[in-house]
Amino acid sequence: MQNTFDLQQLADQIALWAKALGFQGVGIADTHLQVHETHLENWLDNGYHGSMQWMESHGTKRSRPQELLPGTLRVISVRMDYRPEGYNPVELLQQPEKAYISRYALGRDYHKLIRKRLAQLADKIANAVASEVQQRPFVDSAPVLERAIAEKSRLGWIGKNTMLIHEKTGSWFFLGELFTNIPLPASEEPATNHCGSCSACLDICPTNAFIGPYQLDARKCISYLTIEHDGSIPEELRALMGNRIYGCDDCQLVCPWNKFSHISQEPDFAPRHRLDRADLVTLFNWTEQEFLDNLAGSAIRRIGYEKWLRNIAVALGNAPSTTEVVQALEHKRQHSSKLVREHVVWALAQHQ
């Protein structure tokens with residue numbers, strides 16, 4: 001690995017290894033993210049991150065990879081499709097008695113699966129390089145500007161909905177990164193933006209969380225409210241959440257580029273425990289132990305049972321008034337959690 005030819009040869013081999021490991025895309029970026037750093041700083045200054053203090057607690061490590069892992073020269077970025085087969089999310093959103101869970105969370109937690117594959121990729125690289133190499137994989141596990149890096153790696157462009165979009169596979173995919181001190185040839189220019197004049201994603205947002213193109217106020221985003229936010233959900237937003245109990249996909253569902261998306265080939269990403277068609281009442285009636293058991297290995301489990309009930313209570317408040325719905329809510333009117341009780345009382349009021 002003493003010359004450019006050898007480095008290019010290694011980069012080409014990395015792409016082949018990544019594909020064999022189940023990644024649908026791989027690219028290489030340098031560590032210069034100044035433009036994205038400025039965007040992040042402005043976003044934080046405006047308070048759009050809400051209660052996600054971890055977004056600002058790491059200083060510039062998020063936008064300067066070499067500060068997170070000293071010696072880093074390149075970031076290998078990968079993507080993996082997660083769209084499940086035979087699942088119609090638009091149809092589910094039109095059934096208010098059903099629970100809507102974001103597509104990415106229907107199967108097993110992607111963090112461990114992708115991190116394991118990245119570790120295998122790192123091993124292959126280390127074995128191919130005679131000299132000592134420093135590498136570390138990341139999958140939402142550290143302060144990393146993964147979409148900015150993926151854009152520089154030409155894996156897609158950051159769209160108006162702030163999601164990464166690829167012209168041949170849409171946006172239904174996970175991202176992962178492998179930091180390395182090997183000076184691999186990096187993409188010289190980021191992917192071209194193809195959003196054009198389209199504003200479908202901005203217009204469809206149920207809570208009007210987009211301040212404008214490429215600007216999301218997380219405090220109004222349903223994904224933030226149902227996953228990251230620990231406290232009470234603002235009353236003025238509850239009715240707008242519909243039956244969405246974990247995450248929201250609306251801005252991706254209307255994206256015209258997703259007509260090119262691919263079905264995932266990973267069995268672990270297939271829906272589990274009928275989460276793609278479950279009744280709200282059924283999920284609301286789970287005991288805490290059932291919640292823990294049924295969601296073992298799921299990304300959903302990390303929000304905890306209390307927030308799970310809070311989210312479903314809001315959805316039940318938006319559901320059709322039936323005896324079953326009202327009884328389920330009444331059963332938890334005296335719940336030990338103040339947070340749950342507050343949202344149950346609100347939900348019951350919607351049916352009175």
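## Exercises on two strands, a glutamate and a helix

**Exercise 1.** Find the strand that pairs with β1 (residues 25-29), and say whether the two run parallel or antiparallel.

*Solution.* Start at β1: five bridges join this strand to β2, and the two run antiparallel. For one pair of facing residues, look at A29, which stands opposite V75 in β2. Please keep in mind that this is a predicted model.

**Exercise 2.** Now stay with β2 (residues 74-81) and work out how many of its residues are buried.

*Solution.* Take one side of the strand first: R74, I76, V78 and M80 are buried there. Then turn to the other side, where V75, S77, R79 and D81 are buried too. That gives eight of eight residues, with both faces covered. β2 also pairs with β7 in the antiparallel sense, over eight bridges, and V75 stands opposite F179 of β7.

**Exercise 3.** Locate E177 and decide whether it has a salt bridge.

*Solution.* E177 lies in strand β7 (residues 173-180). Next, check its surroundings: the residue is buried, and the nearest side chain of opposite charge, R115, is 8.9 Å away. A salt bridge needs the charged atoms within 4 Å, so E177 has none. Among the residues that E177 touches are V75 and I76, along with L118 and F138.

**Exercise 4.** Why do the buried residues of helix α14 (residues 323-331) lie on the same side?

*Solution.* First list them: V325, A328 and L329. They cover an arc of only 95 degrees around the axis, so they share one side of α14. On the other side, T323, Q327 and H331 are exposed. Finally, see what the buried residues pack against: α11, α13 and α15.

Notes:
Residues are numbered from 1 along each chain as its sequence is written. This is a predicted model: local features need pLDDT of at least 70, side-chain atom pairs count only at pLDDT 80 or more; totals for chains, interfaces and linings use all residues. Side-chain values use heavy atoms; hydrogens and water are left out. Helices (H or I, at least four residues) and strands (E, at least two) are DSSP runs, numbered from the N terminus. Buried means under 20% relative accessible area, exposed over 50%, partly exposed in between (1.4 Å probe, protein chains only). Lys and Arg count as positive and Asp and Glu as negative; His and the chain ends are not counted. Contact means heavy atoms within 4.5 Å. Two strands pair if DSSP finds at least two bridges between them. The arc is that of the directions from the helix axis to the C-beta atoms. Lists of a residue's contacts leave out its neighbours within four places in sequence.
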